[in-house]
There are 2 protein chains.
Amino acid sequence: MGAKCSLPQSFAPYRNAVRAELENTIDSSLPSLRNLLRYHMGWQDEHGNPCGRESGKFIRSTLCILSCQAVGGDTSRVMSAAAAVELVHNFSLIHDDIEDGSHERHHRPTVWKLWGESQAINAGDAMFTLAYSTLLKLSEKGIADEKIVSSIEMLSRACLELCDGQYLDVDYENRLDITVKDYLDMAAKKTAALFGVSTSLGAYLGSEGSELVNFFRLFGRQLGIAYQICDDILGIWGTVERVGKSAGDISQRKKTLPVVYGLQNSEGTARERLEGLYSQKPIGDKGVSEVMKILNQLGARDYAEDLAEQYYQGALAQLEATGLGASRQDPLKETACFILKRDF
Amino acid sequence: MGAKCSLPQSFAPYRNAVRAELENTIDSSLPSLRNLLRYHMGWQDEHGNPCGRESGKFIRSTLCILSCQAVGGDTSRVMSAAAAVELVHNFSLIHDDIEDGSHERHHRPTVWKLWGESQAINAGDAMFTLAYSTLLKLSEKGIADEKIVSSIEMLSRACLELCDGQYLDVDYENRLDITVKDYLDMAAKKTAALFGVSTSLGAYLGSEGSELVNFFRLFGRQLGIAYQICDDILGIWGTVERVGKSAGDISQRKKTLPVVYGLQNSEGTARERLEGLYSQKPIGDKGVSEVMKILNQLGARDYAEDLAEQYYQGALAQLEATGLGASRQDPLKETACFILKRDF
């Protein structure tokens, strides 16, 4: 997929604005849960002491803000939408870490690992609620109520897809009959829906008309699937150091794209071995090596990289279809490039 | 607290309307998770076969609809608000059952018990999202966007309190220094906030002016605390048959009002024993009997019943303060009476 790209320079000033919006939202409520949420965001350690960590990559808020900018909108007016999609993403991470039994995220213990599953469930629920509270702040920027209602509707629809996608992700763990089509359905819901609402909210709130919103939505959705596939590739061939979490997708029997491809396209002994290993719970170190060997023989990584490239190109095509000038499109293209090519 | 009361006749027709709204909301989305949500609501068994169970008491939706009626509003216009508060309540139950490790609810296995914790987390998240989706349907009934935005704000604020209250509930389990004041703070958040938004949404959406809304909010909140205290009493002195869940509040070391009162007001050996037992995890059968004996000696049940009565009277005073005629207030009074006096 070509040379590495970096995050557009144009995003640097927005990053602080998003963080300020997030901090303001989290700190203005929830006296008890605030500490857990601030910890999860990377702003403090478990004792409440500030720590100079980054709060993730802010991919979704970047996409929201740059989509607003692309349609010529006033980016200062969409900060609360940018914060909202980031909060939904983070609520989902807190719950996902419980579901996956993940002990670490970004080289730190997960919320449930420190405070227990119950409080992590509560913290995620609170983060989820804050996404809606934040979105309501659009009215402070003079956004009309009609647009706020539509924005909440767009966010809710994406959240429903996200929950359904999370369900499928867990459900697939115990199944051997998952096809690439099933996988793409899950990725569309689990990941692409939130990407799609990030870009479409930015375009919708940044413009008066709505004829371009659907292109932005589809740009976000296609990019989201490409991103999920890249994440799957990293989850198998990436290393702990680079991703900040143990590459345990195989040991957890996650039905990531390379594995789904492998199960669908293997024959004879290879298939028997894959099916045998994926019937265990969890897969041990020796099994993981064996799975990787089979996937390599089948060319599963090439297949996944090609498919990610197709979705990436599909995303760019949606952006082109907006008919906006190159200078309008470029920051989003650079972001897409940065997101997808980060480590391979 | 006087003679038993029954649910006002006037509510019977609304019950079906709320259920229809809920079914419509749950069925119109979420292909994968729908079964779990329908099961939780009591509409089907775990295999998807219909079962003729009731879907809980619909207390919160009743309060919403009757508050709308009390201000002379068109109740058909608030059905989606009534459904929304019911969905928030049920999302919270699904997650609460995981947090408490409860195996049964209404004499049936809980969602996590059947589908596992991960899928129950996802099901709760989905139910939570549906609450917002449902509230947006107010626009189909001609409610202005401005009012919808305010309604979402009211609901979000209540949900934040709910999450914070759930946090405190779990946090208190491991602490011996909880006071009645701490308890009331937790009950206000965990239970009363949702009661308060149920009544205030009904009044707000049912009327043009807003001068009465705060009375309804306070009526709901005070009633909610009274309800929580009654639930606490049932959780210790109620029986499995009547409540539909095992009366395990003591064995789980829940800091319910009678226990908090007991810890605050016991001395000497009784206090040592209580503190000793509440430092164990969980409390065994013999310990439960001992706790109950100490609470009985301290008059903890009388204390709790008196406090519930005070909040009940406080709730009625708020209703009186609306200045509405008796025929407007009566259905809400009957509902309050029904809720609080159900089993003791």
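Biologist: In this predicted model, how many residue pairs are in polar contact across the interface of chain B and chain A?

Modeller: Good place to start! For a pair to count here, both residues must have pLDDT 80 or more. Across the interface of chain B and chain A, the number of such pairs in polar contact is 14.

Biologist: Which helix gives the most residues to the side of chain B that touches chain A?

Modeller: Three elements of chain B each give two or more residues to that side: helix H4 (79-100), helix H6 (117-136) and helix H7 (145-173). With 16 residues, the one that gives the most is H7(B).

Biologist: And which class of residue is found there, with what count for nonpolar ones?

Modeller: Let's sort that side of chain B by class. It has 9 charged residues and 10 polar ones. The count between the two chains is 0 salt bridges. As for the nonpolar residues on the side of chain B that touches chain A, there are 21.

Biologist: How are the two copies related?

Modeller: Try laying chain B on chain A: a turn of 180° with a shift of 0.0 Å along the axis does it, with an RMSD of 0.0 Å. The same surface serves both copies, as 100% of the contact residues of chain B recur in chain A. The turn and shift therefore relate the copies as by a two-fold rotation axis.

Biologist: Which residue of chain B comes closest to the rotation axis?

Modeller: Here we go by the C-alpha position. At 2.8 Å from the axis, the closest residue of chain B is B:Asp145.

Conventions. Residues numbered from 1 in each chain as written. Chains lettered and ligands numbered in written order. Predicted model: local features only at pLDDT ≥ 70, side-chain atom pairs only at ≥ 80, totals over all residues. Heavy atoms only, no water. Salt bridge = Lys/Arg side-chain N within 4 Å of Asp/Glu carboxyl O. Polar contact = N/O pair within 3.5 Å; in protein donor to acceptor, adjacent residues only side chain to side chain. Helix = DSSP H or I, 4+ residues; strand = E, 2+ residues; numbered from the N terminus. Nonpolar A, V, L, I, M, F, W, Y, C, P; charged D, E, K, R; others polar. Least-squares fit on C-alpha atoms with pLDDT ≥ 70 in both. Contact = heavy atoms within 4.5 Å.
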